[in-house]
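Student: I've got a structure open and I'd like to learn how to read its features. Could you walk me through a few?

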Amino acid sequence: MVAKTLYGLEDILAGELTALGAQQVETGRRMVSFKGDKELLYKANFHCRTALRILKPIYHFKAKNADEVYEQVKSVEWDKYLDAKTTFAIDSVIYSEDFNHTKFVAYRTKDAVADYFIEKGGKRPSVRVNNPDLYINIHISHNDCTLSIDSSGESLHKRGYRVSQTEAPLNEVLAAGMIMKTGWQGESNFIDPMCGSGTLLIEAAMIALNIAPGVYRKEFAFEKWNDFDQELFDRIYNDDSQERDFKFKVYGSDISPKAIEIARENIRGAGLGRYIDLKTMPFQQYQEAPRPGILVTNPPYGERISTRDLLGLYEMIGERLKHVFTGYNAWIISYQEECFDKIGLRPSAKYKVMNGSLECEYRQYEIFEGKQAEYKRNLYEQGAREERFDKRGVSKSYDTDRRPAKSTKPDTPQRRFDAAHADEIRAAKKEDGNEE
């Protein structure tokens, strides 16, 4: 079988499938292949937070053009999967120079299925784009073709709890994957100070409580298959033995009252109101943070959401992290390098992820306890700084009067910070006995 996902989340999905009992798990680009039985197929749809859809391959072949695809598809015994009363739809994904028109391949695949029944002397099944009885997927890479039936139907990121949305809502699969990359499972408070419609908050509460994402879905495509096992699926659906208590809270805030109201509606739709606290408040007004805690947020990028002073926004984020969220691990997704630069902190981890059509980075910042001098000393001791220091602990780019020395290196927030806090860094090293 094949589980589709977003770029950057393949390892997380592979871990989910392995935990469910999948065998021969292998990651690819935006997909994970695995072996399993009917029960695993049902569980993968119901439990995997980072899967977009689960495909069951039924035929592999090679083809150089659409006519060859037609002949190969028509050779499949389609009466195993549908009959004249069944509706179907074709989805095609093409990565090949030999096939320039994705829609034409889908059209010829549709003809092949219909002609299979006509040539057998029967009535042909009908095509239905929305909510068909059978979703057929054809994937072509170069000349390698895979014909699959889609067990999910509507994309699995559409959980079923979203009532309304803001202008640029975060995909639920991406939100879950971002949280799962942190390793957080509910062992502390969770906060998103720029929560928008509340997707990260809801996915966090579901992870903390270990609520299966499929519980909100109205249906899965496999429920219409000829071999659907209702008793088996009911057993999976009604098994809540893996759910757990959550002793902390999920906190969300946003500068927009409208966004908070939308988030409240979605949280109510998910039935998670008792676990999530909401308030209308801009990030810069945070004076304290619940402890222990983790922060995960998706600030504006300046692409789909406009901000008057985008770089100033990210500078404020860095300032609040350093002054309010000490002791936290802060995780931020963004699109532009200059925005990250304005945060003024060195990330301890970076991951490439896709948010819609935007290639983004997801970064972790460890906000150490204590004063800024101690924070800088910790970074220095961990070897995380790229700057080299003299024996006094001062950047060589600056003299003792904190004036920039002649250097060809560009001015950066990191270098300005070092210059402004040279005395504190030197004092910290003296306390350690490293001052000569």
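Tutor: Sure, let's begin with rings: pairs of them link Y42, F46, F220, F222, F228, F233 and Y237 into a cluster. Keep in mind that this is a predicted model.

Student: How many aromatic pairs does the count come to?

Tutor: The count is 23 aromatic pairs, taking ring centres within 6.5 Å as the rule.

Student: And how do I describe one such pair?

Tutor: You describe a pair of aromatic rings by how far apart the centres are and by the angle of the planes. Take W78 and Y81: their centres are 6.0 Å apart with 65° between the planes, which makes the pair edge-to-face, since over 60 degrees counts as that.

Student: Are W78 and Y81 buried or exposed?

Tutor: W78 is buried, because its relative accessibility is 0%. Y81 has a relative accessible area of 23%, so this one is partly exposed.

Tutor: Now try W331 and Y362, a tilted pair at 5.2 Å centre to centre and 35° between the planes. W331 belongs to strand β13 (residues 329-334) and Y362 to strand β15 (residues 358-366), so the pair ties together parts that are 31 residues apart in sequence. Both W331 and Y362 are buried.

Student: Which charged residues lie over rings here?

Tutor: R108 has its charged end over the ring of Y70, 4.3 Å from the centre. Then there's K181, which lies over the face of Y351 at 4.4 Å from the ring centre.

Student: Back to β13 and β15. How do I read a sheet?

Tutor: The strands of a sheet pair through backbone hydrogen bonds, and they can be parallel or antiparallel. In this model, seven strands make an open sheet with mixed pairing, in the order β11-β10-β9-β12-β13-β15-β14.

Student: Which strands are at the edges?

Tutor: Those are β11 (276-280) and β14 (349-355), each pairing on one side only. From one strand to the next, the twist averages 20°.

Student: How many bridges join β13 to β15?

Tutor: Six, and the two strands run antiparallel. If you want to trace one, go from A330 to its bridge partner Y365 in β15. Helix α8 (residues 257-270) packs on the sheet too, touching β10 (250-254) and β11, and its direction makes about 160° with that of β11.

Student: One last spot: where does S155 lie?

Tutor: S155 is in the loop between β8 (144-150) and α5 (172-182). Its relative accessibility is 13%, so S155 counts as buried. Setting aside neighbours within four places in sequence, S155 is in contact with L52, R53 and R217.

Notes
Residues numbered from 1 in each chain as written. Predicted model: local features only at pLDDT ≥ 70, side-chain atom pairs only at ≥ 80, totals over all residues. Heavy atoms only, no water. Phe/Tyr/Trp six-rings, centres within 6.5 Å; stacked < 30°, edge-to-face > 60°. Buried < 20%, exposed > 50% of the residue type's maximum accessible area, 1.4 Å probe, protein only. Helix = DSSP H or I, 4+ residues; strand = E, 2+ residues; numbered from the N terminus. Lys NZ or Arg CZ within 6 Å of the ring centre and 35° of its normal. Contact = heavy atoms within 4.5 Å. Pairing = 2+ DSSP bridges. Axes fitted to C-alpha atoms, helices over the stretch in contact; angles between N-to-C directions.
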